[in-house]
Amino acid sequence: MPEAPEAQREDIAEFGYKQELSRRLSTVDLLIYGLVFMVPIAPWAIFGTVFNEAKGMVPLVYIIGLVAMIFTALSYAQMSRAFPIAGSVYSYVGRGLHPRLGFIAGWTILLDYLLVPTLLYVFAAESMSGIFPGVPKWIWVIIFLVINTGVNYIGISFTALVNRLFLAAEVIFIVIFVIMAILAIVHGTAGARFTTTPLFNHQYFSASLVATALSIAVLSFLGFDGIATLAEESKGGHKSAGTAMILGLIIVAIFFISQTWLAGMLVPDTTSFSDAAAGNAFFDIVRSVSTHAWQVAFLAMNALAVGIANAVAAQSATSRLLFSMSRDGQLPRFLSHINARNKVPERAILLVGGITLVLGLFFVGQLSLISSLVNFGALTAFLLLHVSVIGYFGVRRRSRNIVLHWIVPVIGFAIIGFVLWNAEPAAKIGGIAWLIIGIGVLIYYSRRGIGILPEHRAEIDADVS
């Protein structure tokens, strides 16, 4: 049963904050937000690339990814119940371990949150260029960015409505594809036939494939953690965000696995696509079992879902993270300003829009580099998240729940650490450079004696002196 408004206000006051954001979102709204952020049709754009890396076993990649990420989702759920406030991993690590580590966690995942909208705009521009080849890609970046900034600025209720509409549209297209695929398999269209090799092919399965699958899957499932940034706008109580994160991860995995298995059965005798064909492999498959018009429709749906719906969710999460960090003085205070009418962190929203515009225009055509940097930021923050679960529940509160507060975070840490260790060199270099900048910012604010949570100020002042 949802908590009363009075109880919700007390929750925020308990952590030293005043309720400024508008509590309008139900648990279902949070779930829809998470699904939109993860994009149920995400495999369309990268199907050919993943197909080549996984030797045709694309659904297996997402199965492995679900198993890997569920440990991180469980750790998020534990911390979101203990600290139902905006800021996601920044707040959890800062309050579960130490404010300085919280800043590092927030700073590293900020790299993810700032680059995710950029990645989405570049993806969307690529799709739109397939429909309108004469229009420069940078124009699409600007169009999508202006639309999304406007949606976020209007307010969280309007954002939730846009999320619902786009999720419904994506599900409709998934149903259409499922029908197309089943009919093609039944009639053997273009060589389509039922087979389980996309799920598992012993001839090509190897440990290196699992490692590759993990790195791909981590990027695909990023977004469930964004639900935690809306905790102060939820009216569903302490468990709302955690429930939405776990359910969202499982539901979107079902979408990913079913679509890619069907797509794999439409090309049953192929284990790789040419480099030229890999980018549009899924859409070419759609055309092979239907018409060119449907191919264009799927391309347009992919561009709109990624360029608007997914990017709206990403920009919303990023602005809430900036709001939370600046509210604590860990970033410039002006970013914590809330619009009195719309109840949104308007300056943070506009700043995210401006930064994304610059990055989007700079990174057009560099999908691989952006993806690598996004992974580094998220994975580093996830490592600290797992440590915070052990530190807060296992050590500080002496929890007897060995499974959730020791075993789950240890396994989650090991999985994330493995993927991070095997990240591309360019991602490590860029990520470490970002981390060094963050440490400099942290030292600056620490020496000025600001940006410290009240309960830790005396302790940190003593350390500095």
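**Helices H8 and H10, and a buried glutamate**

Q: At what angle do the axes of helix H8 (residues 156-187) and helix H10 (residues 240-265) cross?
A: This is a predicted model, where local features need pLDDT of at least 70, side-chain atom pairs count only at pLDDT 80 or more, and totals for chains, interfaces and linings use all residues. Residues are numbered from 1 along each chain as its sequence is written, and side-chain values use heavy atoms, leaving out hydrogens and water. Helices here are DSSP runs of H or I, at least four residues, numbered from the N terminus. The axes (lines fitted to C-alpha atoms over the stretch in contact, with angles from 0 to 180 degrees between N-to-C directions) come within 10 Å, and they cross at roughly 30°.

Q: How are H8 and H10 oriented to each other?
A: Angles under 35 degrees count as roughly parallel. The H8 and H10 axes cross at roughly 30°. The pair is therefore roughly parallel.

Q: Which residues in H10 does H8 meet?
A: Contact means heavy atoms within 4.5 Å. From H8 come Val-171, Ile-174, Phe-177, Val-178, Ala-181 and Ile-185, and in H10 they meet Phe-255, Gln-259, Leu-262, Ala-263 and Met-265.

Q: Which side chain makes a polar contact with the side chain of Glu-232?
A: Glu-232 sits in the loop between helix H9 (207-221) and H10. This glutamate is buried (under 20% relative accessible area, 1.4 Å probe, protein chains only), at just 1%. Its side chain has a polar contact (N or O atoms within 3.5 Å, one able to donate a hydrogen and the other to accept it) at 2.7 Å, and the partner is Arg-327.

Key:
Helix = DSSP H or I, 4+ residues; strand = E, 2+ residues; numbered from the N terminus. Parallel < 35°, antiparallel > 145°, perpendicular 65-115°, else oblique. Buried < 20%, exposed > 50% of the residue type's maximum accessible area, 1.4 Å probe, protein only.
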